[in-house]
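Let's take a walk through this structure together, from the overall fold down to a few single residues. Have a look at the chain first, then read on.

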Amino acid sequence: MPSDQGNFGYYYFDFVPPDKQAYNCIKCGACKLRCPQGIDIPVELMRVHTVAAIARLGVDATIIPKQCENKKVVLFGSGALGKSCLKILSSLGVDVYAYCDNNEKIWNTFLDGIRIISPTDLEKIKNNTVVFISSTYYEAIAEQLCSMNIVVLN
Ligand code: SF4
């Protein structure tokens, strides 16, 4: 139910362990062959994940590609939620430039082929960048971004 999508996003990300979430489907197609209704289950699973994530983020998915046009896209948070966001943005046709993380031990390493940068690096490119907070420490990171003069849209 569209009116209940916010709750769906909340329950999905807070109660379904990351390794059980729909994006773990490897698209092997085994279930598709067995489904008596011919449902394209791998596609539906990705749709479920996307709907949940967008509901959780509280944004209208159709505006995301437009907002990211000609900008560097950075995901702040490189944990499970960051990986989920990467998949969602990819499914919307949005390329991610980098992850950003406060953990200095992982700066300049790569996750899914994408570099993890420091907040200092983010500050250097902030004028041409869209940042998505992809961490459960949303409020703390939002405050951090505000202190860097990066506007946070709620
Ligand atoms: S959901 Fe279906 S396509 Fe995805 S991994 Fe499981 S059996 Fe394979």
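What follows goes from the whole chain to the sheet, then to the ligand and some individual residues.

**The chain as a whole**

Please keep in mind that this is a predicted model. The protein chain contains seven helices and five strands, and along the sequence these elements come in the pattern α-α-α-α-β-α-β-β-β-α-β-α. Measuring along the principal axes, you would find that the C-alpha atoms fill a box of roughly 55 × 35 × 30 Å. How does the radius of gyration fit a compact globule? For 154 residues such a globule would have a value near 15 Å, and the protein chain has 16 Å, so the two agree. Of the 154 residues, 24% are buried. Among contacts with a separation of 6 or more, 59% are between residues 24 or more positions apart.

**The sheet**

In which order do the five strands line up in the sheet? They form an open sheet that reads S3-S4-S2-S1-S5, with mixed pairing. S3 (110–111) and S5 are the edge strands, each pairing on one side only. Three of the strand pairs are set out here.

| Strand pair | Sense | Bridges |
|---|---|---|
| S1 (residues 72–76) and S5 (residues 129–133) | parallel | five |
| S1 and S2 (residues 98–100) | parallel | three |
| S2 and S4 (residues 114–117) | parallel | two |

Some residue partners help to place these strands in your viewer. Leu 75 stands opposite Phe 132 in S5. Phe 76 has Cys 100 in S2 as its bridge partner. Between S1 and S2 the chain passes through helix H5 (residues 80–91), giving a β-α-β crossover that is right-handed. One strand further along, Tyr 99 is bridged to Ile 116 in S4.

**Around the ligand**

Which residues surround the ligand? They are Cys 25, Ile 26, Lys 27, Cys 28, Gly 29, Ala 30, Cys 31, Ile 41, Pro 42 and Leu 45. By type, the shell divides into eight nonpolar residues, one polar and one charged. Helix H2 (30–34) and helix H3 (41–57) each supply at least two residues of this shell, and the largest share, three residues, comes from H3.

Lys 27, one of the residues around the ligand, deserves a second look. It lies in the loop between helix H1 (5–15) and H2. Is Lys 27 buried or exposed? It counts as exposed because it has 11 C-beta neighbours inside 10 Å, and the cut-off for exposed is 12 or fewer. Its phi is positive, about 60°, although Lys 27 is not a glycine. Most residues other than glycine have a negative phi.

**Two more residues to find**

Asp 112 also has a positive phi, of about 50°, without being a glycine. You will find Asp 112 in the loop between S3 and S4. With 12 C-beta neighbours inside 10 Å, Asp 112 counts as exposed.

Leu 145 sits in helix H7 (residues 138–147). Why does Leu 145 count as buried? Because 20 C-beta neighbours lie inside 10 Å of Leu 145, and a residue is buried at 20 or more. Phe 132, the partner of Leu 75 in the sheet, is 13 residues from Leu 145 along the chain, and their C-alpha atoms are separated by 11 Å.

Key. Residues are numbered from 1 along each chain as its sequence is written. This is a predicted model: local features need pLDDT of at least 70, side-chain atom pairs count only at pLDDT 80 or more; totals for chains, interfaces and linings use all residues. Helices (H or I, at least four residues) and strands (E, at least two) are DSSP runs, numbered from the N terminus. The radius of gyration is taken over C-alpha atoms; the globule rule is 2.2 Å times the number of residues to the power 0.38. Two residues are in contact if their C-beta atoms, placed from the backbone, lie within 7 Å. Two strands pair if DSSP finds at least two bridges between them. A crossover is right-handed if, with the strands pointing away from the viewer, the path from the first strand over the helix to the second runs clockwise. A residue is near a molecule or strand if its C-beta atom, placed from the backbone, lies within 6 Å of it. Ala, Val, Leu, Ile, Met, Phe, Trp, Tyr, Cys and Pro count as nonpolar, Asp, Glu, Lys and Arg as charged, and the others, Gly among them, as polar.
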